Amino acid sequence: MARITASVYTSHVPAIGAAMDLGKTQEPYWQKVFSGYEFSRQWIKENPPDVVFLVFNDHATAFSLEMIPTFAIGTAAEYAVADEGWGPRPVPKVMGEPELASHIAQSVIQQDFDLTLVNRMDVDHGLTVPLSLMCGDVKEWPFKVIPFAVNVVQYPVPSGMRCFKLGQAIRRAVESFDKDLNVQIWGTGGMSHQLQGPRAGLINREWDNAFLDRLLADPEGLAQVPHIDYVREAGSEGIELVMWLIARGAMADVAGGPKPTLKHRFYHVPASNTAVGHMILENNA
Ligand code: DHB
Ligand code: FE
């Protein structure tokens, strides 16, 4: 049986990828950001997953604004790194896991969540920056990835509760796959940030830290927070945080199992225009 062993949560600020690609990680500004991931890079070496189910958002890169699926699962064998305007990032292509992805699609759709199937997709900073943060500079990513794209770019976007329940369905889907696979689920994006308009640059440390507290201790209550609170408190792009609830909903305690272990928590302001949050939870079931 495949098992979800851990969940990882992290921001995906594109400038973090650029800092790595341009060799700036030792500069004091960036050193403070990367110091929060030293533990994580060691942890993932010691706890290597076979597959990462990576919940992220596309930023009008693969889907443009002509067609925007709410939830889209990658069923391809590989994914090219997207050109977001400065050429593709110099990072490895992403290897998929079509067999497990197809099984999850079948199971989750049968559980009444309508997913879009994606057989070809270039992946943008929403997916590659979390990989870079967790793995560092590598020649190949050390695991397969199932990209799972969520629309948080154009309204209407899915609610926190919808995401949380989808996470529960993903857990059931993974556990009904008959190959022994160690699967991690990652929720990415956030934390507070707003990139445009009169409130551009908004950061809300208090709200972000309360979000991290509740993500661990009260995920179901957190899932009830309406969109307007995210936007008001965490900025227009703070809505990316609903994706973290998909990963949290897939943890064992939500299904009545034991509480997860908090392995790591990090919060830092700023990286570019964004508050960076990061957490690692290990399942105990
Ligand atoms: C920034 C953050 C994002 O989440 C993003 O998608 C683009 C830019 C930023 O902080 O600059
Ligand atoms: Fe973003």
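This is a short conversation about the iron site, the ligand and a surface patch in a predicted model.

Residues are numbered from 1 along each chain as its sequence is written, and chains are lettered from A and ligands numbered from 1 in the order in which they are written. In this predicted model local features need pLDDT of at least 70 and side-chain atom pairs count only at pLDDT 80 or more, while totals for chains, interfaces and linings use all residues; side-chain values use heavy atoms, leaving out hydrogens and water.

Reader: What makes His12, His59 and Glu240 donors of the iron ion (ligand 2)?
Author: Donors are N, O and S atoms within 2.8 Å of the metal (3.2 Å for Na, K and Ca), and sites may look incomplete because water is not among the atoms. His12 (NE2), His59 (NE2) and Glu240 (OE) coordinate the iron at 2.1 to 2.2 Å, so they count as donors.

Reader: Why is His12 called buried?
Author: Buried means under 20% relative accessible area, exposed over 50%, and partly exposed in between (1.4 Å probe, protein chains only). His12 has 3%, so it is buried. His59 has 24%, so it is partly exposed.

Reader: Which contact links ligand 1 to the side chain of Thr274?
Author: An oxygen atom of ligand 1 lies 2.4 Å from an N or O atom in that side chain of Thr274. A polar contact is a pair of N or O atoms within 3.5 Å, so this pair qualifies.

Reader: How exposed is Val153?
Author: Val153 has a relative accessible area of 39%, so it is partly exposed. With Leu65 and Ile68, Val153 forms a nonpolar patch on the surface.

Conventions
Patch = residues over 30% accessible without salt bridge, like charges linked within 9 Å, V, L, I, M, F, W, Y side chains within 5 Å. Areas by Shrake-Rupley, 256 points an atom, 1.4 Å probe, with all protein chains shown as cover. Salt bridge = Lys/Arg side-chain N within 4 Å of Asp/Glu carboxyl O. Polar contact = N/O pair within 3.5 Å; in protein donor to acceptor, adjacent residues only side chain to side chain.
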